[in-house]
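Hi there,

Here is the structure I promised to pass on to you. Have a look at it first, and then read my notes below.

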There are 2 protein chains.
Amino acid sequence: MTSDFEAQLRAVSLRVTRPRLAVLAALRDHPHVDTDTVIALVRADHPAVSHQAVYDVLRALTDTGLVRRIQPAGATARYEMRVRDNHHHVVCRSCSVIADVDCAVGNAPCLTASHDHGFVIDEAEVVYWGTCPDCLTRSEGIR
Amino acid sequence: MTSDFEAQLRAVSLRVTRPRLAVLAALRDHPHVDTDTVIALVRADHPAVSHQAVYDVLRALTDTGLVRRIQPAGATARYEMRVRDNHHHVVCRSCSVIADVDCAVGNAPCLTASHDHGFVIDEAEVVYWGTCPDCLTRSEGIR
DNA sequence: CCCTTTTCTGGAATGAATCAAGTTTTGTGA
DNA sequence: TCACAAAACTTGATTCATTCCAGAAAAGGG
């Protein structure tokens, strides 16, 4: 388990440190969590880790492509380990929960904009907005 | 021009005020601007308008669907008047410039997620990430 | 095992956005 | 046309995620 993370870190020539292993473990067990939650999860095992360390680690991991940063409008940044498989996300408008959605229409179509204005496009990100099952039943209860 | 905005505001039963007309005019002339720029543009004509007023106005306008809020990951919120026509955006990774892109694959396909996890999806948002022409030539200059 | 570089700690600072209290303005109904 | 209640605005403080900074600790190549 841990050695797996170790290999991943070395593969992108990052040093292997406790905070980094802890962050990776937290993300493996809890997909789509925000920074505060990562900090809490990391401190459950390693109370001495500073918030700054977590921010630094998350940046290092995203920069090297080991984790992916998701930041839906109006929510704080979230992170996940599923990477390089072109999947997308559904975001709940009321509680900001995120779930994974595999690409609806294959890979290529999503990536082809009709007119790119001269931009060199390297990624097409799709965010589905809606209401999650929990919030649905909750709003029915109110009614 | 202004009377047009007046009609739009009344159509969603919002009172017609100077700050609101000024914000609408700013957005008409400058698509995809962030809040600070809106404030600056508004103050060019009406120096007394507070930043809070602009925030309130932008919220009122987005809530009523008159303008659309765009918030690409890692950038501050931006606003535009083009609304209800299912278009998407290209965002430059280095300078965060935004350009419009008409829906690449029609309306329906974009909106159909393969597995919705029980979410009720009401919108599919597509963000194309890349590099804008300006930043491209600039980086070539460095090389 | 030592040394250089990277990373981490602790604390302060930034900046977009929001909150709060009191004043002004809008638009309706007399 | 005028008065009044609701909505909107001003001013100023506050929150909160994120970043900056300086010094201490740890990683790993030699």
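**What lies around the DNA**

The surface near DNA strand C is made up of nine nonpolar, eight polar and six charged residues. Here Ala, Val, Leu, Ile, Met, Phe, Trp, Tyr, Cys and Pro count as nonpolar, Asp, Glu, Lys and Arg as charged, and the others, Gly among them, as polar. A residue is near a strand if one of its heavy atoms lies within 4 Å of it.

Before you go on, please note that this is a predicted model, in which local features need pLDDT of at least 70 and side-chain atom pairs count only at pLDDT 80 or more, while totals for chains, interfaces and linings use all residues. Residues are numbered from 1 along each chain as its sequence is written, chains are lettered from A and ligands numbered from 1 in the order in which they are written, and side-chain values use heavy atoms, with hydrogens and water left out.

Back to DNA strand C: of the 23 residues around it, A:Thr17, A:Ser50, A:Ala53, B:Arg15 and B:Gln52 come nearest. Sugar and phosphate make up 67% of the strand C atoms that come within 4 Å of the protein. Some polar contacts (pairs of N or O atoms within 3.5 Å) are worth finding on your screen:

- The side chain of A:Thr17 has a polar atom 2.8 Å from a phosphate oxygen of strand C.
- B:Ala77 uses a backbone N or O atom, 3.3 Å from a phosphate oxygen of strand C.
- A:Arg15 has a side-chain N or O atom 3.0 Å from a base oxygen of strand C.

DNA strand D has 22 residues around it, and the closest are A:Gln52, B:Thr17, B:Arg20, B:Ser50 and B:Ala53. Of its atoms within 4 Å of the protein, 65% belong to sugar or phosphate and the rest to bases. A phosphate oxygen of strand D lies 2.6 Å from a polar side-chain atom of B:Ser50, and a phosphate oxygen is 2.9 Å from a polar backbone atom of B:Ala48. With B:Arg15, a side-chain N or O atom is 3.2 Å from a base nitrogen of strand D.

**A helix in chain A**

Helices (H or I, at least four residues) and strands (E, at least two) are DSSP runs, numbered from the N terminus. Which residues of helix α3 (residues 35-45) of chain A are buried? They are A:Thr35, A:Val38, A:Ile39 and A:Val42, where buried means under 20% relative accessible area, exposed over 50% and partly exposed in between (1.4 Å probe, protein chains only). Seen down the axis of α3(A), these buried residues fall within an arc of 100 degrees, so they line one face of the helix; the arc is that of the directions from the helix axis to the C-beta atoms. The face turned away from them carries the exposed residues A:Asp36 and A:Ala44. The buried residues of α3(A) pack against α2 (18-29), β1 (33-34), α4 (51-63) and β3 (78-80) of chain A, with contact meaning heavy atoms within 4.5 Å.

**A strand in chain B**

In strand β4 (residues 88-92) of chain B, five of the five residues are buried. B:His88, B:Val90 and B:Cys92 lie on one side, and B:His89 and B:Val91 on the other. Strands pair if DSSP finds at least two bridges between them. Four bridges join β4(B) to β5 (residues 98-101) of chain B, running antiparallel, and four join β4(B) to β6 (residues 120-131) of chain B, running parallel. B:Val101 in β5(B) is the bridge partner of B:His88, while B:Tyr128 in β6(B) is that of B:Val90.

Enjoy exploring!

Technical notes
Polar contact = N/O pair within 3.5 Å; in protein donor to acceptor, adjacent residues only side chain to side chain.
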